[in-house]
Amino acid sequence: MDSRREEPKNNPAEEEGGPEVWEALNRNFKQVQSVLDKNRALIQQVNENHRSKIADNMVKNVALIREINVNISKVASLYSDLSSDFSSMFHQRNENTPDNNKEEEGSSNNSMNS
């Protein structure tokens, strides 16, 4: 008999936020990691070029550093997307709670009566 504990089939976090949101968050984290890995390699190349003190390698560093800067902008944009996705996940979750729906009904009835 297998003594390992069976994992639950449904992740409660996925049910609350919706699998699409979690997939988007996961996809964005993977994109961020990919860009950061690329920057790590570029920085290593810049360091090697700098240590070589060869003029041509120093010129190459200009383009490499520009690419690093572009990648940093990509990471900032991806983190902004992550923040928006995460925020909208919680707003959707809060909008769909029974208590919140009652409050919205009450406030919409009050605004109609004004």
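**A tour of a four-helix model**

Of the 114 residues in this protein, 18% count as buried, where buried means under 20% relative accessible area, exposed means over 50%, and partly exposed lies in between (1.4 Å probe, protein chains only). The model is a predicted one, in which local features need pLDDT of at least 70 and side-chain atom pairs count only at pLDDT 80 or more, while totals for chains, interfaces and linings use all residues. Residues are numbered from 1 along each chain as its sequence is written, and side-chain values use heavy atoms, with hydrogens and water left out.

Begin with a cartoon view, which shows four helices and zero strands, running α-α-α-α from the N terminus on; helices (H or I, at least four residues) and strands (E, at least two) are DSSP runs, numbered from the N terminus.

Next, select Val-21, Leu-25, Val-32, Val-35, Val-75, Leu-78, Leu-82 and Met-89, the eight residues of the largest nonpolar core, that is, a set of buried Ala, Val, Leu, Ile, Met, Phe, Trp, Tyr and Cys residues joined through side-chain atoms within 4.5 Å. Helix H2 (19-52) and helix H3 (55-95) are the elements that give two or more residues to this core.

Now centre on Val-32: leaving aside its neighbours within four places in sequence, Val-32 is in contact with Val-75, Leu-78, Tyr-79 and Leu-82, contact meaning heavy atoms within 4.5 Å.

Finally, select Phe-29, which has its place in helix H2 and is partly exposed, with a relative accessible area of 48%.
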